[in-house]
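I opened this notebook page to record what I looked up in the structure. My interest lay in the surroundings of the ligand, the packing of helices and the overall fold.

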Amino acid sequence: MSRMIVFYYTLEGNSGFAAETAAELAGAEIEQLQVGKEPPKKGLGKFLVGGGAAIRGTDPGLLPVAAQLREYDAVILAYPIWAGKFPPAIGAFLERYDLTGKDVYVITSSSSGNPGKSVQQVAAKTGGVRAYLSLLNPLKHREEAKEQIKAFLEQNQLNG
Ligand SMILES: Cc1cc2nc3c(=O)[nH]c(=O)nc-3n(C[C@H](O)[C@H](O)[C@H](O)COP(=O)(O)O)c2cc1C
C-alpha cells in the first residue's frame, strides 16, 4: 500500500478542514504549510494583497516542511483559490519540493466552486495531477463536504 501525506495551506480554515477530513478518512499523514507573510485576514486588504500575490507569484516566505517527502508516494495538496490561482504558499512549496514521480491529487476550496487554473498550474509543476476535487466553502457545508471527500477518496482508491 502506498504511503500518503496531505499538505495544506489555509487562510480561513476551509482548506484546513478539507485536509484534516481527507487525512482522517484516508489514514494519511498531514502537514500544514506555513508562511512568514500572510495577507490581512479581514477586509478588502485580504483580497487585494492575497490576490495580487497569487497573480504575481510573490514568495511568501514558506517555512521548511518537516515531512521527508521521499517516504511518500502519494500527495494530496489542499488549498484555497485566490484570484483563480493557487496561493503563493503552494507555488513556493512546488518550487522548493519535487513531487515529480509521485501520485498527486488536489482538493481546492473556493467561494465559486471553481478551481480556476490552479489544477493546470499544479500539473505543470509536478508532471501531472491524477484527480482533483473542488469544494465550495466547505466550512459552510461540512457534512456535504465530508461526503464529497469520502467519495473522492473512494473513487481514487485512497480510502484508508
Ligand atoms: C485573496 C483571496 C482571493 C480569492 N479569490 C477567489 C477566486 O478567485 N475565486 C473564488 O471562487 N474564491 C476566491 N476566494 C475565496 C476563497 O477561495 C474561499 O473563501 C476559500 O474557501 C478559502 O479557503 P481557506 O479558508 O482555506 O483560506 C479568495 C479569497 C482570498 C482570501
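Entry on the ligand shell. I sorted the residues of the shell around the ligand by character and found seven nonpolar, 13 polar and two charged. The model is a predicted one, and I read the entries below with that in mind.

I then listed the shell itself. The ligand is surrounded by 22 residues. Glu-12, Ser-15, Gly-50, Pro-80 and Ser-112 are the closest of them. I next asked which elements give two or more residues to this shell. They are α1 (14-26), α2 (43-56) and β4 (103-110). The largest share, four residues, is that of α2.

Entry on helix packing. As α1 had appeared at the ligand, I followed this helix to its contact with α5, which covers residues 142-155. The two helices pack with their axes 10 Å apart and at an angle of about 45°. Angles under 35 degrees would count as roughly parallel and those from 65 to 115 as roughly perpendicular; α1 and α5 are therefore oblique to each other. The crossing of α1 past α5 is right-handed.

I noted the residues that meet. From α1 they are Ala-18, Thr-21, Ala-22, Leu-25 and Ala-26. From α5 they are Ala-145, Lys-146, Ile-149, Lys-150 and Leu-153. In this contact I find seven nonpolar residues, one polar and two charged.

Entry on the whole chain. I find five helices and five strands in the protein chain. Along the sequence they follow the pattern β-α-β-α-β-α-β-α-β-α. The radius of gyration is 14 Å, close to the 15 Å that the globule rule gives for 160 residues, so the chain is as compact as a globular protein of that length. Along the principal axes, the C-alpha trace spans about 45 × 35 × 25 Å.

Note on methods. Residues numbered from 1 in each chain as written. Predicted model: local features only at pLDDT ≥ 70, side-chain atom pairs only at ≥ 80, totals over all residues. Near = placed C-beta within 6 Å. Nonpolar A, V, L, I, M, F, W, Y, C, P; charged D, E, K, R; others polar. Axes fitted to C-alpha atoms, helices over the stretch in contact; angles between N-to-C directions. Parallel < 35°, antiparallel > 145°, perpendicular 65-115°, else oblique. Left-handed = near helix turned anticlockwise from the far one by under 90°. Contact = placed C-beta atoms within 7 Å. Rg over C-alpha atoms; globule rule 2.2 N^0.38 Å.
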